[in-house]
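Thanks for making time for this one. I would like to walk through a structure, starting with how far we can trust it and then going from strands to helices.

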Amino acid sequence: MKSLKIILAICVLGVMNGYSQSHMNYHSMIAGSWEIAFPTGNHDFLTKTSLAGGRIEYRRFINGQFSAGLAFSWNSFDEYFNTQTYKTAGGSVVTTDMVRQIYTAPITAIFHYYPQLGPKMIKPYVGVGLGAQYSEQNIFFNIYQVGDDNWGFVVRPEIGAVVMFTENWGALVTFSYNYSTNKNEGFGVKSLQQFGINIGIAGLF
Amino acid sequence: MKKKFFIVLFLAFLTLTFSCRKDPDFSQLSTNFTVITNVDSAANFHDFQTYYISDTIAWVGGKDDDSILYDDNTKLLVQTVKDNMNARGYTFVSKDSKPDLGFNMGAVKTTTVSIIYPGWWWGYPGWWDPWYWGWYYPYYYPWSVAYAVTTGSVIIDMVDLKDAQPKRVERVVWSVVANGALGSSTSTNVQRGVDAINQAFKQTPEISAN
């Protein structure tokens, strides 16, 4: 039993050493992930969590601790509201039920820092994304639709890690916060904000 | 390297498949009319006591289909207005009795026809792909598909006749527009109109003679 434990320890150390050595040879990373988003912010347009989101990103390692790249993500939020009576800014009174929808698609330049913490098979990082976000805000009632689309500036700080399970492939988990300047005055939306969790797969080459 | 590229592409496609833009679930939306009302904030409805409404409705059904309705369905809609006004303390009088308020009421029916050329999967995942049959190219549809959506509106104007002056514009003190899709059942459509009229009065508590 003791010899088995020694053998197992050697194997684990060997794998870790292998990851350490191979990390220095990586020049880029590409990842695809499923994104769960929780709307936050100063509007009550909708509050329902989105499970319909995703992200694709490419990172180019600059050295052993930094990377720069591009990311594209998207989320669809929608929420049903029972029949209610609303008063518009123009003084009209409207009674209807409705489905409210927000679609966001940020395109960002991303920058990450990789501190040398923990075993090399786990690669934590912190970073930020800066770029533009396309968004649509729609209201659907009966068979009608009222909506608008707009562009805004987006900033996205994030923290996460890649857990390697082979030399080149690993699981990716990221926690982020999106803040964008997209607004819709008619719907009372001054900015769009969301907290996100990404779960996916990363390939390092 | 080529193998890795295709693996990455496949993973990206999986990600897209599971999280592509999602259409909302519209099945939850009610078929009741959307009711919109506007009221003249300067009007004092306590100053009015009597009203008149015709037992006919103006009908706008499209090209060469404009007329006046006076059937049982029309009577039901008119009676709904009367019931609400009476409940709020107003008295129905004849047109010749110089009522304080007058009603204009109409119904509009619009049919919108659209034509689409469908793609081979009509937007439904799981549809038979052409490769199932051994073909290499998507299906070709040598036809287009037309569909029609019929919508209806109930429009009501309440006019101040008490303060009306000859040769001067009559003031509309309350208006209702109720819109929605129409089904194939006339009785259902009429009931939607009745419900819309009741809702219009419900969301305008200012209308009261007392």
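**Confidence, strands and contacts**

Chain A averages a pLDDT of 87, with 85% of its residues scoring at least 70. Please keep in mind throughout that this is a predicted model, and that for the complex the predictor gives an ipTM of 0.76 together with a pTM of 0.78. Chain B averages a pLDDT of 80, and 69% of its residues score at least 70.

Those averages hide some local detail, which I would like to set out before we look at any contacts. In chain A, pLDDT stays under 50 over residues 14–23, a stretch for which the model has 10 contacts beyond four places in sequence. In chain B, confidence is lowest in helix H1(B), where the mean is 56, and highest in strand S5 of chain B, residues 91–92, at 96. As a general caution, where pLDDT is low, the predicted coordinates should not be read in detail.

Let me turn to the strands of chain A, beginning with S1(A), residues 28–40. This strand pairs in the antiparallel sense with S2(A), residues 52–61, over 7 bridges, and within that pairing A:Gly32 stands opposite A:Ile56. S1(A) also pairs with S8(A), residues 192–204, again in the antiparallel sense and over 12 bridges, with A:Trp34 standing opposite A:Ile199 in S8(A).

Further along the chain, S5(A), residues 122–141, and S6(A), residues 144–164, run antiparallel and are joined by 20 bridges. If you want a residue pair to orient yourself by, the bridge partner of A:Lys123 is A:Val162 in S6(A). The hairpin of S5(A) and S6(A) has 2 residues between the strands, and A:Asn142 takes a positive phi there, near 50 degrees. S6(A) then pairs with S7(A), residues 169–180, in the antiparallel sense over 9 bridges, and in that pairing A:Ile159 has A:Phe175 as its bridge partner. These two strands, S6(A) and S7(A), form a hairpin with 4 residues between them.

How do the chains meet, and how many residues does the contact take from chain B and from chain A? The contact takes 27 residues from chain B and 33 residues from chain A. On the chain B side, helix H1 (2–19), strand S1 (34–39), strand S7 (145–160) and strand S8 (171–181) each supply at least two residues. The largest share of that side, 8 residues, comes from H1(B), and I would set this beside the confidence values, in which H1(B) is the lowest part of chain B, with a mean of 56. By character, the chain B residues that touch chain A divide into 12 nonpolar, 12 polar and 3 charged.

Strand pairing also crosses between the chains, since S4(A), residues 93–113, is joined to S1(B) by 3 bridges, the two strands running antiparallel. Here A:Thr95 stands opposite B:Val35 in S1(B).

Finally, a pair of helices within chain B. The axes of H2(B), residues 72–87, and H3(B), residues 186–202, come within 10 Å and cross at roughly 15 degrees; the two helices are therefore roughly parallel to each other, and their crossing is right-handed. On the H2(B) side the residues that meet H3(B) include B:Leu76, B:Leu77 and B:Val81, while on the H3(B) side they include B:Val190, B:Gly193 and B:Ile197. Taken together, the residues of this helix contact divide into 7 nonpolar, 6 polar and no charged.

Conventions. Residues numbered from 1 in each chain as written. Chains lettered and ligands numbered in written order. Predicted model: local features only at pLDDT ≥ 70, side-chain atom pairs only at ≥ 80, totals over all residues. Axes fitted to C-alpha atoms, helices over the stretch in contact; angles between N-to-C directions. Parallel < 35°, antiparallel > 145°, perpendicular 65-115°, else oblique. Left-handed = near helix turned anticlockwise from the far one by under 90°. Contact = placed C-beta atoms within 7 Å. Nonpolar A, V, L, I, M, F, W, Y, C, P; charged D, E, K, R; others polar. Pairing = 2+ DSSP bridges. pLDDT = per-residue confidence, 0-100.
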